[in-house]
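Trainee: I should like to learn how to read sheets and helices in a model. May we take them one feature at a time?

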Amino acid sequence: MPVEHDEERFEGQLSHALHDIGGGFDADRAALAAAGQVRGRRLRLRRRAAVVGGAAGITLVAVGATLLVPWGGAPAPLPSTSSVAGQPSGTPSPLPLTSRELIATLEELLPEGKVSEQRARGTEDSVLSPYVHLVYDDGKGPGAIGVSLDRVEPGSDQARETTDCPDKALVPHDSCVSTRLADGSLLKLFQGYEYPDRRVDTKMWSADLITPSGQHVSVNEWNAAAEKDAPISRGEPPLSTAQLKELVTAQVWRKYVEFIPEDTEKPTASATSSAPAEPTVDSILDTLGPLLPEDVEVVEKGSDYSYLVLDDGKGRSYVQIDVQHGMDDVADQLFGEGSETLPDGTKVVSRESGGDKGVEGAVMWTVDTLRAGTDGFRVVVSAFNAGTQHDAPTRETPALTMKQLREIALSPKWDQYR
């Protein structure tokens with residue numbers, strides 16, 4: 001069966017997405033929210049993610065997954081099966097895993113149906129993870145399916161982010177279940193949407209498995225022939241959650257992870273210990289609370305990300321805040337035209353935008369600050385005129401004024417985290 005190599009297309013998409021993040025405050029935050037789950041939350045909040053502004057930290061949180069980085073891969077030809085339940089077995093070849101082997105593996109694990117638009121990347125590339133993707137049609141309409149493979153450190157923030165169900169205030173979804181299997185593996189089954197703001201009703205369902213040894217298998221599927229910019233072709237994605245579970249837990253994927261070269265650029269103990277500790281969500285919110293006006297009520301707060309939902313009697317207003325270190329390398333992007341420098345050297349910029357694209361009437365106000373004489377210590381706070389960053393407005397303007405946001409961001413109370 002012919003194999004379509006689509007690396008250039010993916011790399012172009014990734015480059016374009018990163019350009020959007022770094023190039024302006026109006027990046028497609030909602031689309032990025034549907035991705036992002038391959039990296040830990042704190043890593044995603046730094047560097048490139050941060051340059052979008054206060055909202056960027058949350059936009060890359062989410063499901064993850066994925067800037068929709070290509071789904072990972074798998075190797076070695078396998079005996080045929082007619083359903084997901086029939087899991088092939090075999091010993092992987094010591095040779096590099098090829099794209100043809102990955103495609104053959106996924107095709108053999110799927111129920112009977114028509115496949116097309118196959119593409120994959122094996123382990124020949126020592127930098128990018130292997131993946132396989134195709135369009136599958138069981139007679140009810142085509143749907144895109146992808147599998148990706150990589151390694152994560154068991155018990156790390158990245159592992160937790162991958163297998164924890166997201167906060168519905170950040171990532172709206174229909175269902176999410178996270179469980180521990182008998183062998184100690186963590187499994188998350190997720191049913192949500194490609195776009196959190198539901199600008200189109202493309203559904204995205206996923207399954208993520210992390211084994212006790214750190215093998216990570218991720219499966220994504222859509223009710224369209226492509227994750228974006230394709231018409232909806234069926235009511236639901238092709239595989240049920242039970243079938244997703246069978247596919248993601250197939251033993252062959254775990255064997256294929258072993259083909260991925262080990263990361264030789266791990267940080268040393270001295271390098272990691274010298275980095276300032278990131279404040280916890282609870283500590284950030286405990287600091288934020290006393291800085292709020294007395295006439296607002298906190299009706300909801302984040303447990304996995306630092307946000308509050310406020311109500312001053314005029315409707316709900318979502319407020320997010322992030323405290324970061326090491327942001328000097330993106331200072332020019334964050335604090336360019338329109339920014340000011342205070343007498344003590346602190347850089348400040350205020351921004352107004354329409355929030356998530358596709359949400360009519362949405363308003364987001366942000367104040368971003370970078371303290372002088374530090375390693376790039378940044379405090380950024382944003383407020384929305386809705387109860388979440390993706391819902392329709394519940395009020396005309398946010399519950400906090402731009403002046404109040406500025407006072408919060410510049411408060412000396414944040415110095416305790418420098």
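Trainee: Which residue is the bridge partner of Asp368 in β14?

Mentor: In this predicted model, Asp368 is bridged to Val380 of β14. That pair belongs to the contact between β13 (residues 364-370) and β14 (residues 378-384), which run antiparallel and are joined by seven bridges.

Trainee: Which helix packs on the sheet, touching β13 and β14?

Mentor: Helix α12 (residues 402-409) does so, and it also touches β10 (316-324), β11 and β12 (347-353). The direction of α12 makes about 30 degrees with that of β13.

Trainee: In what order do the strands of this open sheet lie?

Mentor: The order is β8-β9-β10-β14-β13-β12-β11, seven strands with antiparallel pairing. At the edges are β8 (297-301) and β11 (340-341), each of which pairs on one side only.

Trainee: How should one read the burial of a helix, and which residues of α7 are buried?

Mentor: An α-helix has 3.6 residues a turn, so residues three or four places apart point the same way. In α7 (residues 241-248), the buried residues are Leu244, Leu247 and Val248. Seen down the axis of α7, these fall within an arc of 90 degrees, so they line one face of the helix.

Trainee: What covers the buried residues of α7?

Mentor: The cover includes the helices α5 (99-109) and α8 (251-257), together with β5 (186-193), β6 (203-210) and β7 (215-222).

Trainee: To which open sheet do β5, β6 and β7 belong?

Mentor: They lie in a sheet of seven strands ordered β1-β2-β3-β7-β6-β5-β4, with antiparallel pairing. Its edge strands are β1 (114-121) and β4 (173-180), and the twist averages 10 degrees from one strand to the next.

Terms used. Residues numbered from 1 in each chain as written. Predicted model: local features only at pLDDT ≥ 70, side-chain atom pairs only at ≥ 80, totals over all residues. Heavy atoms only, no water. Buried < 20%, exposed > 50% of the residue type's maximum accessible area, 1.4 Å probe, protein only. Helix = DSSP H or I, 4+ residues; strand = E, 2+ residues; numbered from the N terminus. Arc of directions from axis to C-beta. Contact = heavy atoms within 4.5 Å. Pairing = 2+ DSSP bridges. Axes fitted to C-alpha atoms, helices over the stretch in contact; angles between N-to-C directions.
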